[in-house]
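Please read the following walk through the structure with the model open. The route goes from internal cavities to salt bridges and ends at one helix.

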Amino acid sequence: MSDDEINIDFGKIKSFFKPKKNKSRNSDDSEKTKDDEITLDFSKITNLFKTKDSDEKVFDWKSFKPAFDFISKYRVVFLILIPLLFSVMLRAQPAFLPLTDDWAQTTVYNYHKNTIRSQIEKNYPTLPAERKQVIVDEQFEIMLKQQKPAVDAQINELSNQFKDQMRDENGQTYLLAIDPYYWLRFVENMEENGHYGDKLVDGKPFDTHFLAPKGRFIGGDDFHIKFEYYTYKFLNFFDREMYPLKVAFYVPLILASLCVIPAFFIAKKIGGNIAGFFAAMFVAIHPAFLTRTVAGFADTDAYNVLFPLLITWVFLEAFDTKKHKKTLVLGVLTGLLVGLYSSAWGGWWYIFDFLLAASGVFLVYYILIHLKTIHTKKTKKVIFDAVLLIGIFILSTLVFTSLTTSLGNFKRVYSAPLSFIQIKDVAKTTIWPNVYTTVAEQNEITIKGAVSQIGGNLVFLMSLAGIALTLMKKDKHGKMDIRYAVLLGIWFLATLYASTKGIRYVMLLVPAFSIAFGIFVGVVIRYLGKFMSKELDIHKNIAKISLIILFALLLITPFNRAVKTAKNELPSMNDAWVSALEEIKMNSNETAIINSWWDFGHWFKYWADRPVTFDGTSQTGPRAHWIGKVLLTDNETQAIGILRMLDCGGNDAFYKINEHLNELDSIDFVNELILVDKKEAESILLEQFSVKQTQEILELTHCKPPENFFIASEDMVAKSGVWAHFGSWDFERASMVYKVKPTKLAEGKQILMQEFNLSDQQADEYYYQIQTQDPNSWIAPWPSYYSQPADCKRQDDLVTCANGLNLNLTSREAYVQTPQGRIRPAKFSYIDQWGMFRERTHTKNVWRTEDGKIISAAFFRKGSKYQSVLMDSSLTSSMFTRLFFFQGIGLDHFDRFHGETDLQGLDIYVFEVDWQGD
């Protein structure tokens, strides 16, 4: 052997892990226990604690044997209980609002640091800034040590003040999001009315607050309403202090925590107890699932994990049973669960399709590999049992979905997948805008993004490997059993694809991912543990425990993310919003209608108890265009005309006119009518419509409208690109996309030239643009505000702002001073010295961004101070700019009704519409 060679004696390494010679091992242990279970020989454990020179025991472990035996006997319960406790602990965090403690500490610390800094500035004005900061930090640390109890008391008091603004009068944290209030209003209706409608129409619950002034019947997706209501009634029977909002707050915690049970048993069925534990843990702590099921997020999201897991668990049990009676019972139960799921969420069909597809693939596979024995009794029985279960599953699903929702709902099992793929298409089925393209939770992500969201490359690959490892399971003939691999594969890949269509759908991937990951861990520990025991002569239990600890380390990162996620979950509802909406409720008729952008519609319906134009269940379609146009237009007459039309009949005026004209002419006709008074509108209508038709249309455009309240809130500034986009929707271009997108060049050009009067060259250009560009951006621009408001200072007649803008109140010139000279906003609006709203235009030396966007601006007062904000030119005199930034100054039809500022400093302004005007 050369000097460079290193000789490692693996025999010595193996002997290090060998038990001592006087300690025998039962060679039959591995045969008597399941591979994934850990057995403990307490005589061996106690021997480890003997002294070297005597038999005296340091600690009597035998006294704990009954406890260990109890844990071993009920190990499944404990393996479920651990992830269950983690799930509850994490999801309960919003009840305590821990983030406010950080806010309070930062605020109090900054206050004391600023106080110290002011004193240092006063005493040592010439010191360098770096040295001042060092002294501030030193003095602050001294102060903190000396006055820590007082500072802690300040932090606690301030934290409680923050918390109080996010809790109701009973100290209950508000529901976290917007959609939970959609369900809560119906729950309270059940308590007050005996049904979940605002009233009964033809004996059916009717919602008068939806799509004002029309309303709608409620039905189909009422499972969540009933679940919340009956949970409330049950808990209220034992505790009279329970009320619907409080119960609703904890419903998602309960439902999400229950998910760990079926996840455990599905993974256990394939990979053993350890697989079940890791699957359950990932379901319990996965941030993508956690963020939509923490306490307070009382929406239907929890069902989208709970029901698929329950359905899959019961279906697999039905597939494995050998008794036809049990197959019948479990098959019917599976159908019942699918039926309940169909009344809880519209996307219920996906798990039915997955199970059906997996069963079909298995059946074809089984027949193919058993062709030679197809006539034997065993083979026929397996095929018959599979066909029987599939038949029972389909039939029971048909029956129960029809009973819980409607017969037509069952058709979604084959029609809905295509609809899901097209959910964000623009101008494909209608020329009206598709708001789903701008809903944040529907934002598309890449496969790479979905992998990152689910946990990263390593655990993603492990979960894929887990699916492959299910193929190690053999059927009773000793052949490869593909059922689990096919089901998990379809479930995994389909929901991974769904994740790319909208970030919210990552949650649908969590069950398949968690089960597959759990199986990977369980199978690897089982076989690697055997290998280590046999080849390295490590005791089986030590090997398995070591591997469990190793894989448990992979849970640290998702757990830390989960803790951070739970801590940061806060209600978007707060006292300021409640105050503003209750002010409307107390000072308006029940028929009053609230208009605003759609996002907070469910809040408006619940807290103000008033109908809304549209909301989170009706955001797409014509009303998005009309409200967007109200916010964007600089013509107050047009804004009031649109609001009157919406409050009289929604978009029905268009539909009525469209019975006689084409879509583009109908839209133009409506836009003409809303600008004129009733008498002139009647004259215009009579030129093309009969007297009866004219009166019907007038009633939809120029009725005596109910009270109307318009809300402009600060969140709408950031959303301006969306509402202004839909408000500026070009229907002619949308019609071009609708008609030309599916065509070949020759046909498309012919349509553009004949129907839209384009030249041959123009048609060629337009066709290319339609086929290659994003239709949303081609149809309409995305005007928006380019900055947050900047503070300004006034000296004499010159207003100077932090964003570089200057306004000379005498010459009425706005400019930015640069080394190359003055550049000017293309447009700017302001209030003159007589309190009048003004807009001016500059045509020379126009200010542009680096990417060529033309910048305009508005100067306004907030309190006693001036501020300015940069924006697209179309927004300088828009109704939103005038309502929010200028607080309605100079408008004739919008009277300031109420104003609030929430705990984050965001403003909320409510205006009452004056239909007649000043």
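In this predicted model, helix α17 (residues 349-369) gives the largest share of the lining of the largest cavity, four residues. The cavity holds about 60 Å³ of space. Its lining consists of Phe 315, Leu 316, Phe 319, Leu 355, Ala 358, Ser 359, Phe 362, Arg 483 and Leu 487. Besides α17, the elements that give two or more residues to this lining are α15 (303-320) and α22 (483-501). By class, the lining has seven nonpolar residues, one polar and one charged.

The search of the whole structure finds two cavities of 30 Å³ or more. The second largest has a volume of about 40 Å³. Around this second cavity stand Trp 577, Ser 596, Trp 597, Asp 599, Phe 600, Phe 604, Ile 711, Ser 713, Asp 715, Met 716 and Lys 719. Strand β5 (708-713) and helix α34 (715-718) each supply at least two of these lining residues. Sorted by class, the lining comprises six nonpolar, two polar and three charged residues.

Arg 483, part of the lining of the largest cavity, also belongs to a network of salt bridges with Lys 269, Glu 317 and Asp 320. What is the N to O distance between the side chains of Glu 317 and Lys 269? In this salt bridge it is 3.2 Å. Glu 317 lies in α15 and Lys 269 in α12 (residues 260-271), so the pair ties together parts that are 48 residues apart in sequence. Glu 317 is partly exposed, at 29% relative accessible area. Lys 269 also forms a salt bridge with Asp 320, at 2.6 Å from N to O. Asp 320 lies in α15 as well, so this pair links parts 51 residues apart in sequence. With 28% relative accessibility, Asp 320 is partly exposed.

The whole structure has 26 salt bridges. Another one of them joins Asp 760 and Lys 749 through their side chains, at 3.2 Å from N to O. Asp 760 sits in α38 and Lys 749 in α37, so the bridge ties together parts 11 residues apart in sequence. Asp 760 is partly exposed at 45% relative accessible area, whereas Lys 749 is buried at 14%.

Helices α37 (745-756) and α38 (760-772) are also among the packing partners of α36's buried residues, together with α28 (622-632), α31 (663-673) and α39 (775-779). The buried residues of α36 (residues 731-740) are Phe 731, Ala 734, Ser 735, Met 736, Val 737 and Val 740. At the N-terminal end of α36, Asp 730 acts as a cap, with a side-chain oxygen 3.1 Å from the backbone nitrogen of Glu 732.

Key:
Residues numbered from 1 in each chain as written. Predicted model: local features only at pLDDT ≥ 70, side-chain atom pairs only at ≥ 80, totals over all residues. Heavy atoms only, no water. Buried < 20%, exposed > 50% of the residue type's maximum accessible area, 1.4 Å probe, protein only. Contact = heavy atoms within 4.5 Å. Polar contact = N/O pair within 3.5 Å; in protein donor to acceptor, adjacent residues only side chain to side chain. 1 Å grid on protein atoms, 1.4 Å probe; cavity = no way out; pocket = protein on both sides within 12 Å on 5 of 7 lines; lining within 4 Å. Points joined across faces, edges and corners; volume = space filled by probe spheres on them. Nonpolar A, V, L, I, M, F, W, Y, C, P; charged D, E, K, R; others polar. Salt bridge = Lys/Arg side-chain N within 4 Å of Asp/Glu carboxyl O.
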